[in-house]
Amino acid sequence: MKKIIIAIDGPAASGKSTTARLVSRKLNYIYVDTGAMYRAVTFIFLENGIDPEKVTPAEVADLLSKFPVSLKIMDSVQHVFIADRDVSEEIRLPEVTRNVSAVAAIPSVRKEMVKLQQAMGLEKGLVMDGRDIGTIVFPSAELKVFMIADPAARAKRRQLEMEGKGQQVDFDSLLKEIEHRDFLDSNREDSPLKQAEDAITLDTSNLTIDQQVDWIVSRAEGLLVTGNGSQV
Ligand code: CDP
């Protein structure tokens with residue numbers, strides 16, 4: 001059975017995670033949300049009072065060996081662990097969201113996370129979403145999608161998602177936060193958010209989730225039929 005790696009990159013709240021999760025279910029692939037890993041590292045920084053502007057590579061190495069980040073699939077849902085503590089809920093807190101781009105810009109943090117991500121791709125049959133999957137983590141992924149949507153559509157989606165969890169948030173401040181995070185993610189020196197040359201753009205501003213999922217699944221199936229997906 002042929003299996004491929006599907007890399008989905010794009011800015012904050014562009015619908016990557018929901019789409020990637022559903023694509024993985026349809027293809028019976030593993031789904032990896034790499035943003036959750038950077039969020040977990042941010043949570044470690046916050047709990048230990050570490051300043052991302054001042055931390056040294058040696059301190060990062062020490063911190064990540066004391067508090068190893070790992071992902072586990074439980075009942076088909078990805079859970080994020082710091083050592084043996086499940087932090088899947090806590091990593092979505094607004095304080096983590098506000099600080100994650102600063103932590104994700106640290107080269108020694110990225111190096112460790114990329115190592116873990118690449119190990120998860122050894123067996124293919126993987127959908128991974130993030131900012132640098134098609135450019136740095138899996139530059140030879142068979143299918144690369146760069147998912148975009150206009151900032152207002154993204155802020156609206158994030159607002160609905162948070163309201164669904166019972167959190168009231170102001171649209172304008174969400175929009176500002178999203179634009180600020182995009183700016184930091186796109187302008188950092190190490191692995192900035194940018195479209196891989198061979199990625200296909202998917203503008204989801206006016207698409208439903210089902211349309212986004214079908215669009216990616218049909219391209220993946222096309223690759224499997226034409227034999228461009230590699231044999232495992
Ligand atoms: O909020 P949203 O779901 O769009 O973001 P996320 O996927 O949870 O990612 C959170 C943050 O982690 C991003 O804003 C980036 O700063 C960072 N990130 C990264 O640098 N590289 C990745 N491969 C994934 C996320």
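Contact, as used in these exercises, means heavy atoms within 4.5 Å. The model is a predicted one, where local features need pLDDT of at least 70, side-chain atom pairs count only at pLDDT 80 or more, and totals for chains, interfaces and linings use all residues. Residues are numbered from 1 along each chain as its sequence is written, and side-chain values use heavy atoms, with hydrogens and water left out.

**Exercise 1. Size up the whole chain.**

Start with contacts in the protein chain between residues at least 6 apart in sequence: 74% of them join residues at least 24 apart.

Next, count the elements. Helices (H or I, at least four residues) and strands (E, at least two) are DSSP runs, numbered from the N terminus. The protein chain has 9 helices and 8 strands. Its radius of gyration is 17 Å, close to the 17 Å that the globule rule gives for 232 residues, so the chain is as compact as a globular protein of that length. (That radius is taken over C-alpha atoms, and the rule is 2.2 Å times the number of residues to the power 0.38.)

Now the box: along the principal axes, the C-alpha atoms fill roughly 50 × 40 × 35 Å.

Last, burial. Call a residue buried under 20% relative accessible area, exposed over 50%, and partly exposed in between (1.4 Å probe, protein chains only). Buried residues then make up 46% of the 232.

**Exercise 2. Work out the order of the open sheet and place H1 on it.**

Two strands pair if DSSP finds at least two bridges between them. In general, strands of a sheet pair through backbone hydrogen bonds, either parallel or antiparallel.

Here, 5 strands line up as E2-E6-E1-E7-E8, with parallel pairing. E2 and E8 (200–203) stand at the edges with a single partner strand each, so one side of each is left without a neighbour in the sheet. From one strand to the next, the twist averages 20 degrees.

Zoom in on one pair: 4 bridges join E2 to E6, and Val-32 has Met-128 in E6 as its bridge partner. H1 packs on the sheet, touching E1, E2, E6 and E7, and its direction makes about 180 degrees with that of E6. (Axes are lines fitted to C-alpha atoms, for helices over the stretch in contact, and angles run from 0 to 180 degrees between N-to-C directions.)

**Exercise 3. Find the buried side of H1.**

First check the length. The expected span is 1.5 Å times one less than the number of residues. For the 12 residues of H1 (16–27) that gives 16 Å, and the end C-alpha atoms are 16 Å apart, which agrees.

Then list the buried residues: Lys-16, Thr-19, Ala-20, Val-23, Ser-24 and Leu-27. They cover an arc of only 135 degrees around the axis, which puts them on the same side of H1. (The arc is that of the directions from the helix axis to the C-beta atoms.) Arg-25 and Lys-26 are exposed on the other side.

Finally, see what the buried residues pack against: E1, E2, E6, E7 and helix H9 (209–226).

**Exercise 4. Compare Asn-28 with Ser-191: which is buried and which is exposed?**

Asn-28 sits in the loop between H1 and E2, with a positive phi near 60 degrees. At 66% relative accessibility, Asn-28 counts as exposed.

Ser-191 is in the loop between H8 (171–187) and E8. Its phi is positive, about 50 degrees, although Ser-191 is not a glycine. With a relative accessible area of 9%, Ser-191 is buried.
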